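This briefing covers a predicted model. The notes below go from a single residue to helix packing and then to the chain as a whole.

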Amino acid sequence: MTANQNDKNVDRIIDLFATHNVKLKRTEVVGKLTELMNDFGLPQQEAERTVIQIYARAHDVQVNVRTTDAGTKNIGDLTPGEWVTVEGKIISAVRPAGNKSIFQMGVIADATGAVAFTAWARNKNNKNDVPLEEMQVGSWYRIANAVVDEYQGAIALKIPRTTVVGPMSDQGTVKPVLQPIGEVKPGIVSVKGKVVRLFTPSTDKIRQTGVIGDESGTVKFTIWESENPTITLEEGNAYEFHYARCTTYNDRNDLTLTPQIVPVTDAIAVKSNRATLTGAIMQVRQNSGLIKRCPVEGCGKTLSRMNYCPVHEVQNNFQYDLRIRAVFDDGNETLTLTIPKEAVERLTGMKLDDAVNLATTMPLGFDEIFMRFKKMLTGRYVTVSGTLYDDSMFVTDCAFLTVDQMQDQIKLTTTQEAAE
């Protein structure tokens with residue numbers, strides 16, 4: 001900060017307390033500001049607020065701790081640790097239930113990007129807390145003197161109790177800034193891609209889950225039932241996904257999609273992630289074996305034992321299918337394999353009709369098929385070919401290793417371990 005700017009800050013503090021008949025020593029104010037910024041690394045606005053609060057308590061006066069606005073900045077250019085003023089359109093907003101310390105959370109966007117925000121609740125009995133009205137989705141606001149934070153690699157905007165938030169005149173439609181899927185980072189992102197695979201949700205709380213991709217890469221996605229989605233995605237179709245939340249776990253991205261999904265007719269080429277791997281099946285997961293699927297066109301979700309579809313409820317005209325979901329380890333990483341009917345039949349030698357006959361005549365029913373597959377596969381070495389999606393593979397072909405192939409694999413693994 002320049003000496004001229006420092007003089008202005010000091011003058012502002014002295015003048016503020018003079019209105020309350022409190023005379024401050026200039027050298028003392030300069031010393032406190034310098035210490036907070038140089039020794040403690042506080043931004044200029046926060047240091048000024050802190051000094052004002054110190055003197056307010058010391059002299060038992062109530063003052064408004066707002067300082068001059070931080071510089072207005074594009075949302076796409078935000079940097080962690082800075083105090084900024086942003087202007088944008090509210091894309092989403094909620095009042096979190098059960099958390100009295102948070103007033104509102106959501107997403108605000110301008111022409112350069114979007115960012116998640118958290119507004120802290122105000123204390124009506126504290127004169128230093130600036131009043132805050134609930135921000136409305138679709139309206140424009142100016143947020144003055146907010147702090148840019150970072151959590152797990154994602155930029156976020158924190159709106160503390162001294163931040164001034166006010167409505168603006170409508171600045172028009174905000175067009176999402178689309179990014180290549182292979183280049184997204186944690187935060188709020190918008191992408192365009194093709195649905196290359198849909199998976200069966202592991203819980204009723206998930207509406208859809210799968211993989212989307214473009215020419216730069218692929219990424220796994222989730223749509224939660226709580227988002228009240230208005231569209232059902234279909235494999236092979238392309239969409240724009242606006243203001244999704246990107247998170248990273250074990251260096252792999254995952255998108256949580258919002259209802260803001262727009263179908264497009266673009267022909268999108270998806271980067272190939274085909275691979276062939278050799279390793280061991282460590283576990284055969286539940287819901288493997290003979291399953292029932294929802295017969296409604298475009299659904300195909302796995303039904304419960306009571307023939308219940310999480311989307312279309314009870315479906316007695318179900319369709320039988322074979323599937324194996326297994327944990328696979330190739331010595332470098334662990335993947336979840338999804339093996340469809342055709343590959344299951346080739347691997348196990350059991351046809352769908354045979355599985356249905358066993359399940360309907362044996363005492364264990366569907367569990368009979370699961371137990372047979374579990375015994376047949378657990379601990380066995382296999383070669384799998386298919387498409388990789390982050391920490392999973394959709395298998396198109398799978399075969400047991402012969403004795404000679406297993407010996408070669410053990411020799412290769414031993415050599416690699418020795419080299420390491």
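Leaving aside residues up to four places away in sequence, Arg197 touches Gly210, Val211, Phe221, Glu235, Tyr389 and Phe394. Arg197 itself belongs to strand 8, which spans residues 187–199. The model is predicted, and the points below are grouped by topic.

**Arg197**
- The relative accessibility of Arg197 is 18%, and the cut-off for buried is under 20%, so Arg197 counts as buried.
- Among the residues that Arg197 touches are the charged residue Glu235 and the nonpolar residues Val211, Phe221, Tyr389 and Phe394.

**Helix 4 and its surroundings**
- Helix 4 covers residues 341–348, and its buried residues are Ala343, Val344, Glu345, Leu347 and Thr348.
- These buried residues pack against three strands and two helices: strand 18 (319–329), strand 19 (334–339), strand 21 (392–400), helix 5 and helix 6.
- Gly349, just after helix 4, takes a positive phi of about 80°.

**Helix 5 against helix 6**
- Two packed helices are described by the angle between their axes and by the distance between the axes.
- For helix 5 (residues 352–361) and helix 6 (residues 366–377), the angle is about 125° and the axes are 7 Å apart.
- Helix 5 is therefore oblique to helix 6, because an angle over 115 but not over 145 degrees falls outside the roughly perpendicular and roughly antiparallel ranges.
- Helix 5 contributes Ala355, Leu358 and Ala359 to the contact, while helix 6 contributes Phe366, Ile369 and Arg372.
- By residue type, the contact of helix 5 with helix 6 has five nonpolar residues, no polar ones and one charged.

**The chain as a whole**
- The protein chain holds seven helices and 21 strands.
- Its radius of gyration is 29 Å, well over the 22 Å given by the globule rule for 420 residues, so the chain is more spread out than a compact globule.
- Taken along the principal axes, the C-alpha atoms fill a box of roughly 95 × 55 × 45 Å.
- Buried residues make up 44% of the 420 residues of the protein chain.
- Of the contacts in the protein chain with a separation of 6 or more, 59% are between residues 24 or more positions apart.
- The protein chain exposes about 22400 Å², of which carbon and sulfur atoms supply 48%.

How values were computed:
Residues numbered from 1 in each chain as written. Predicted model: local features only at pLDDT ≥ 70, side-chain atom pairs only at ≥ 80, totals over all residues. Heavy atoms only, no water. Axes fitted to C-alpha atoms, helices over the stretch in contact; angles between N-to-C directions. Helix = DSSP H or I, 4+ residues; strand = E, 2+ residues; numbered from the N terminus. Parallel < 35°, antiparallel > 145°, perpendicular 65-115°, else oblique. Contact = heavy atoms within 4.5 Å. Rg over C-alpha atoms; globule rule 2.2 N^0.38 Å. Buried < 20%, exposed > 50% of the residue type's maximum accessible area, 1.4 Å probe, protein only. Areas by Shrake-Rupley, 256 points an atom, 1.4 Å probe, with all protein chains shown as cover.
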